[in-house]
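Biologist: I am new to this structure and would be grateful for a close look at a single part of it. Please take one helix together with what lies on either side of it, and explain the reasoning as you go.

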Amino acid sequence: MLSRRGFVSRIHRKKPKGKPMPERIRIANALKSKARGAVEHVFAHEKGPMGLVVRTIGIARAKVKIGLANLAYNMRRFLFLTTKYAAA
């Protein structure tokens with residue numbers, strides 16, 4: 001269904017029970033993990049050290065809370081990158 005609509009599947013494949021993971025599937029999963037890991041890193045940081053938990057009534061308030069968390073993360077990341085590469 002995805003290929004008919006012009007999309008590429010980014011869903012990981014499971015290991016068959018009682019059998020080793022086929023090499024082809026292992027490599028495909030590793031390639032999918034590269035892009036996925038970069039994105040999920042942000043969510044892990046917001047949920048962990050920043051303590052982001054959305055418990056609001058209404059979508060608008062939830063969007064604002066998530067937006068402010070994203071803004072704070074981006075500002076913190078910007079400061080980290082500018083100080084890291086300023087000395088180099």
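**Helix α1 and its surroundings**

Modeller: With a relative accessibility of 46%, Gly48 counts as partly exposed, because this value lies between the limits of 20% for buried and 50% for exposed. The model in which this is seen is a predicted one. Gly48 belongs to the loop that links α1 to α2, the latter spanning residues 59-86. Between the C-alpha atoms of Gly48 and Ile27 there is a separation of 30 Å, and along the chain these two residues are 21 residues apart.

From this loop we may turn to helix α1 itself, which covers residues 23-47. How many salt bridges does a search of the whole structure find? The search returns two. One of them joins the side chains of Arg26 and Glu23, with an N to O distance of 2.4 Å. Both of these residues are part of helix α1, and they stand three residues apart, which is about one turn of the helix. Arg26 has a relative accessible area of 43% and is therefore partly exposed. Glu23, at 47%, is likewise classed as partly exposed.

A salt bridge also links Arg36 to Glu40, where the N to O distance is 3.0 Å. Arg36 and Glu40 too lie in helix α1, four residues apart, again about one turn of the helix. Relative accessibility is 41% for Arg36, so that residue counts as partly exposed. For Glu40 the value is 42%, and Glu40 is therefore partly exposed as well.

Glu46 is another residue of helix α1. Is Glu46 buried or exposed? Glu46 is buried, yet it has no salt bridge. Its nearest side chain of opposite charge is that of Arg76, at 9.6 Å, whereas a salt bridge requires a distance within 4 Å. Leaving aside residues up to four places away in sequence, Glu46 is in contact with Gly51, Leu52, Ala69, Asn70 and Tyr73.

Finally, there is the segment that precedes α1, in which Met1 is placed. Met1 has a relative accessibility of 58% and so counts as exposed, the limit being 50%. Together with Leu2, Phe7 and Ile11, Met1 forms a nonpolar patch on the surface. The accessible area of these residues together is about 440 Å².

In summary, helix α1 holds the salt-bridged pairs Arg26 and Glu23 and Arg36 and Glu40, while Glu46 is buried without such a partner.

Technical notes. Residues numbered from 1 in each chain as written. Predicted model: local features only at pLDDT ≥ 70, side-chain atom pairs only at ≥ 80, totals over all residues. Heavy atoms only, no water. Patch = residues over 30% accessible without salt bridge, like charges linked within 9 Å, V, L, I, M, F, W, Y side chains within 5 Å. Areas by Shrake-Rupley, 256 points an atom, 1.4 Å probe, with all protein chains shown as cover. Helix = DSSP H or I, 4+ residues; strand = E, 2+ residues; numbered from the N terminus. Buried < 20%, exposed > 50% of the residue type's maximum accessible area, 1.4 Å probe, protein only. Lys, Arg positive; Asp, Glu negative; His and termini not counted. Contact = heavy atoms within 4.5 Å.
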